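Visitor: I'm new here and would like to learn how to read a structure. Could you walk me through one?

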Amino acid sequence: MRDITLRGAVLTNAFSDTISHALAKQEGERIEALFERAVQDEKLIAIGFCSPTGALRYQTTDYPVWMSCQTAQLIQQEERPQITLGSETAHVGVFPVKIDKDNIGELVIIHSLEFAKNRVSTSRQHLFIVISSLTVVCILIMALVLRQHRRYWSLSLQRLLHESNTANTPSAPWMHDLRTHLRDIEDSCRHLGTQAHLVWDAERLQALLKGKLSGEQVIALSNHQPFSHIRTAEGIQVIRQASGLISALEPVLSACGGTWIAHGNGTADAEKVDNHDRVVVTGGAGGYTLRRLWLSAKEHTGYYAGFANGGIWPLCHMAHVRPVFRETDWQYYQRVNQRFADAVLEEARCKNPIVLVQDYQLALAPAMIRRHLPDATIISFWHIPWPNADAFSICPWRHEILQGLLGSTIIGFQTAGHRQSFLASVDRFLEARIEHDRSSVFCNARETLIQTYPISIAWPAQRPPTTYLQDKCLERLKIPADKKIILGVDRFDYIKGIEERLLAFEHLLDKHEALRHIVHFVQIASPTRDMVRDYSSFQQRVRALVAHINARFTTNGQTPVITFIEAYQDADTLCALYRSAQVCVVSSLHDGMNLVSKEFVAAREDEQGVLILSCFTGAALELREALIVNPYLMEELTDAMLQALQMSEAEQRERMICLRQQVQDANVFNWAANMLSDAERWRLRERAYDRIKRYSHLQAG
């Protein structure tokens, strides 16, 4: 606006002499011609001349007919002296024309403002271009700086990793922590899988195996067989074992046409094998071969009841039962492990089969197999906890057991804590090099990977409502239908915390008398290892405790407050009990995983029920929405029972939805897929190394 005003004043000064002479000579045409030439400038629209009396005397042809001198004066006095002429915005200025300080009239000059709009638009475009250019330059500079910093930090981290491996540097402690955290993250990511939102099942597992391990021979070793033949009054019946391990291994062996080697302990097993002690198992997705081994009574007692369950089992579980080691038991343990290894050699059709060795009964077998099949891929899975190095030192044959397991290609444990305890034992008792960043052990010129594979159960398919079956089950077991059920399902084992939960239940009834006629405790205790002295004495104590509690709280011949069942229950009965119970108590004193907790969660399609879970189970690391308790603290276990009984349905549902999602995602087929995928990667690496070695030899030749 200042520029326009200044321009109008300059123009008025330039015209003043011409206008004065033209007025003196009465040459109005000359003034109008001057004005017409001036408005040829694109910034000018019109010019008018007003006499001192306010009359409009001369104007250009485009001068607005409605604009008098008085109107122009009024417009100029406004804050924004602008008018609209057609589609244009214009500025109105009134400038006095003076000759020797005498006012001879006024010029009304109308300027176009379109040029100003164009100038603003152009300025904005230039400003946008400049700012965009500066932004791009800044981004490029930042990218270069970040790239340099990334390269610097990468080199620094590599240098620190190298230094902490070769020297005792100040960075070594926190680099050790970094490796530990990275290892845990790697385990979690691997076990979750790249398709965690999809549920693993037998079909997916078989598809994976056919894609990655097509043509490979798979051999599984376990003490327990997937099924047994039992002679009954009705004839020979097939009894299948209820086990998550069996649910996972059968699809693996079926997909690969593999072989399962196990102890044949059924009363009619010998009658159903061929001349080579084999049973061919057929199925919809393929089949596998069951190879049965026969053990004498002395062998079974020494190897299984003696060394495995009288020595290794209590050594690995913090249940305060003294392990017993005998030289004769150790000899039987060696002999039976060798028999399993010999059976692998007999069944192997190639020099590099995949061998799956299951649990603590076969700790020596991997090294025995390795001596005759050095190229085999051997995966050993240790289902129970691994003790700390001080506890493991109690075992007189600790070196032999460690050497036996390190014959494996991969050793799997339930939790990262068990894996670290194993590495600590190796570090203490063997001359071996441990790579903590890779979680591997170099011993006897071989590398063994030490991994974690938390085992689980097979996620059940959708089942129809079982209200009728639940009622029939409760009726058969003589359990009142109107009671709230607290359920325990376990093997009759001293590590399961059965005594602790019964004492906590007694304390609950002592503290809350109103619950005595509302709550009923059901304990399923499957018989196990009653030939072991510690088991038989423990079982007698539990029976006496059950009788004592029932005697205290059962009055007037009513149903006892505890139903204690010492018998195997089929899958349908257990499922009915899981769905009928308001609370499931898993109070193990020490457990590798404990699959009962996951079975209870999987059975609760109604998203109700509360799981009370011991903090000393591997499952407690996964099932965080359960009520986690210390079973040694009676008050805590009692309070958890009360909290579970009083928990609202909404909270039960929130907890159970999370628990079911965890069990569904990380099921037993996912467990098997993780192990076999790692084995397949190992085999690919070994093949690549062999090709490199052959190429090097050819080059040297």
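Visitor: Which residue forms a salt bridge with Glu-347, and how far apart are the closest N and O atoms?

Guide: First, a word on what you're looking at. This is a predicted model, where local features need pLDDT of at least 70 and side-chain atom pairs count only at pLDDT 80 or more, while totals for chains, interfaces and linings use all residues. Residues are numbered from 1 along each chain as its sequence is written, and side-chain values use heavy atoms, with hydrogens and water left out.

Guide: Now the general idea: side chains of opposite charge can pair when their charged atoms come close. A salt bridge here is a side-chain nitrogen of Lys or Arg within 4 Å of a carboxyl oxygen of Asp or Glu. Glu-347 pairs with Arg-291, and their closest N and O atoms are 2.7 Å apart. The two sit in distant parts of the chain, 56 residues apart: Glu-347 in helix α9 (residues 327-347) and Arg-291 in strand β11 (residues 286-293). Helices (H or I, at least four residues) and strands (E, at least two) are DSSP runs, numbered from the N terminus.

Visitor: Are Glu-347 and Arg-291 buried or exposed?

Guide: Buried means under 20% relative accessible area, exposed means over 50%, and partly exposed is in between (1.4 Å probe, protein chains only). Glu-347 counts as buried because its relative accessibility is 7%, and Arg-291 does so at 8%.

Visitor: Which residues are linked with them in a network of salt bridges?

Guide: The network links Arg-278, Arg-291, Glu-346 and Glu-347.

Visitor: How many salt bridges does the structure hold?

Guide: There are 29. One of them joins Glu-605 to Arg-579, with 3.7 Å between the closest N and O atoms. Glu-605 lies in the loop between α18 (596-603) and β22, and Arg-579 in helix α17 (residues 571-580), so this pair ties together parts that are 26 residues apart in sequence. Glu-605 is partly exposed at 25% relative accessibility, whereas Arg-579 is buried at 12%.

Guide: Try Glu-435 and Arg-433 too, whose side chains meet in a salt bridge at 2.4 Å, N to O. Glu-435 is buried at 19%, and Arg-433 is partly exposed at 44%.

Visitor: What about empty spaces: how many cavities of 30 Å³ or more does a search of the whole structure find?

Guide: On a 1 Å grid over the protein atoms alone, a cavity is a set of points where a 1.4 Å probe fits but cannot get out, and lining residues have an atom within 4 Å of a point. Points are joined across faces, edges and corners, and the volume is the space filled by probe spheres set on them. The search finds two. The second largest has a volume of about 50 Å³.

Visitor: Which element gives the most to the lining of that second largest cavity?

Guide: That's α20, with four residues. Both β22 (610-614) and α20 (649-665) supply at least two. Among the lining residues are Val-610, Leu-611, Glu-625 and Arg-655. The lining divides into seven nonpolar, two polar and two charged residues; Ala, Val, Leu, Ile, Met, Phe, Trp, Tyr, Cys and Pro count as nonpolar, Asp, Glu, Lys and Arg as charged, and the others, Gly among them, as polar.

Visitor: Where does Trp-382 lie?

Guide: Look in the loop between β13 (377-381) and α11 (389-392). Trp-382 is buried, at 3% relative accessibility. Its C-alpha atom is separated by 6.1 Å from that of Tyr-360, 22 residues away along the chain.

Terms used: 1 Å grid on protein atoms, 1.4 Å probe; cavity = no way out; pocket = protein on both sides within 12 Å on 5 of 7 lines; lining within 4 Å.
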